[in-house]
Amino acid sequence: MSGSNLHNALLRPPIIQILRAAGFHATRPSVLDTLADLTAQYIMILASSTTAHAANAHPHDPVPVLEDIYQALQDAGALRPQLREWEEDWQGEEDMRGLEGFLSWFTGPANREIRRIAGFVPSEGDMVDADALEKEDFLTALKKKHSKTGEESRYAGTVLGKNADEHPIIIEGGAPSLQDWGSQMRSRAPYMADSDSSGVSSAPSNLSDGEGMDV
């Protein structure tokens, strides 16, 4: 599975949960794929804009901070209504309506319903385990479901797991590693050059003299 197909596949469950929280009970696969593609493009826009703001604001340490994300959300139009900077300067105060609206949605009933559908908020009548108030996300639960041992070792070195530890590659029947093979090849290069030059027959003397040839 290619990277784009994998990312779209990972986006589908959250989008389905958001649609279910909004009251939709069914959709066509083409609609779901379109929404996944639009969501991926929107996330890429936010990520690239955040990176650009971080590189411009603090190029010595271009790690994005909260202010960079805030400006990226403004660029993407996620914080509306919002006055322009010159309008804020003219009024002498910062317009916080867009940010307050985003925070009210984030902490409001709409987002709570999405989290309930996703399994992060218990529904009415559910038995809540005091030792497991923080539920696992769908990806972690899915990985454990498809892993017979319950460990993440099979996902090591992939986009779903942790980075694998680097180890030398052993070449059977030859050099013990790629580095040793490269050293052997470099050491044989002069001998291979001599053998190649000795195997090439020299041209006849009468052909090497251009003056004696009739054109």
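Modeller: Two residues are in contact when heavy atoms of theirs lie within 4.5 Å of each other. With that in mind, in this predicted model, Ala 36 touches Asn 8, Leu 11 and Ile 15, leaving aside residues up to four places away in sequence.

Colleague: Before we go further into single residues, how many helices and strands does the chain have?

Modeller: The chain has nine helices and zero strands, so that, read from the N terminus on, its elements run α-α-α-α-α-α-α-α-α. Buried residues make up 15% of the 215 residues, and, among contacts with a separation of 6 or more, 27% join residues 24 or more positions apart.

Colleague: Which residues make up the largest nonpolar core?

Modeller: The largest nonpolar core has five residues in all, namely Leu 11, Ile 15, Leu 19, Leu 32 and Ala 36. The elements that give two or more residues to this core are H1 and H2, and H1 gives the most, with three residues. Two of the core residues, Leu 11 and Ile 15, are also among those that Ala 36 touches.

Colleague: Turning to charged side chains, how should I read a salt bridge, and how many does a search of the whole structure find?

Modeller: The general idea is that side chains of opposite charge can pair when their charged atoms come close. Searching the whole structure gives three salt bridges. In one of them the side chains of Arg 12 and Asp 33 meet, at 3.0 Å from N to O, and this pair links distant parts of the chain, with Arg 12 in helix H1 (residues 3-21) and Asp 33 in helix H2 (residues 29-57), 21 residues apart. Arg 12 has a relative accessible area of 28% and Asp 33 one of 35%, and because values between 20% and 50% count as partly exposed, that label applies to Arg 12 as well as to Asp 33.

Colleague: Where do Arg 116 and Glu 113 lie?

Modeller: Here a general point about helices helps: an α-helix has 3.6 residues a turn, so residues three or four places apart point the same way. In this structure both Arg 116 and Glu 113 lie in helix H6 (residues 109-118), three residues apart, which is about one turn of the helix. They form a salt bridge whose closest N and O atoms are 2.7 Å apart. Arg 116 is partly exposed at 29% relative accessibility, and Glu 113 is partly exposed at 26%.

Colleague: In the remaining bridge, between Arg 97 and Asp 95, is Asp 95 buried or exposed?

Modeller: Asp 95 counts as buried, at 7% relative accessibility, whereas Arg 97 counts as partly exposed, at 44%. Their side chains meet at 3.0 Å, again taken from N to O.

Colleague: Which residues of helix H3 are buried, and where do they pack?

Modeller: In helix H3 (residues 66-75), Asp 68, Tyr 70, Ala 72 and Leu 73 are buried, and the buried residues of H3 pack against H2 and helix H5 (97-106). On the H2 side you can look at Ser 49, which has its place in that helix and is buried, with a relative accessible area of 13%. Ser 49 touches Ala 72 and Asp 75, not counting residues up to four places away in sequence.

Colleague: What follows H3?

Modeller: H3 is followed by Gly 77, a residue whose phi is positive, near 80 degrees.

Notes:
Residues are numbered from 1 along each chain as its sequence is written. This is a predicted model: local features need pLDDT of at least 70, side-chain atom pairs count only at pLDDT 80 or more; totals for chains, interfaces and linings use all residues. Side-chain values use heavy atoms; hydrogens and water are left out. A salt bridge is a side-chain nitrogen of Lys or Arg within 4 Å of a carboxyl oxygen of Asp or Glu. Helices (H or I, at least four residues) and strands (E, at least two) are DSSP runs, numbered from the N terminus. Buried means under 20% relative accessible area, exposed over 50%, partly exposed in between (1.4 Å probe, protein chains only). A nonpolar core is a set of buried Ala, Val, Leu, Ile, Met, Phe, Trp, Tyr and Cys residues joined through side-chain atoms within 4.5 Å.
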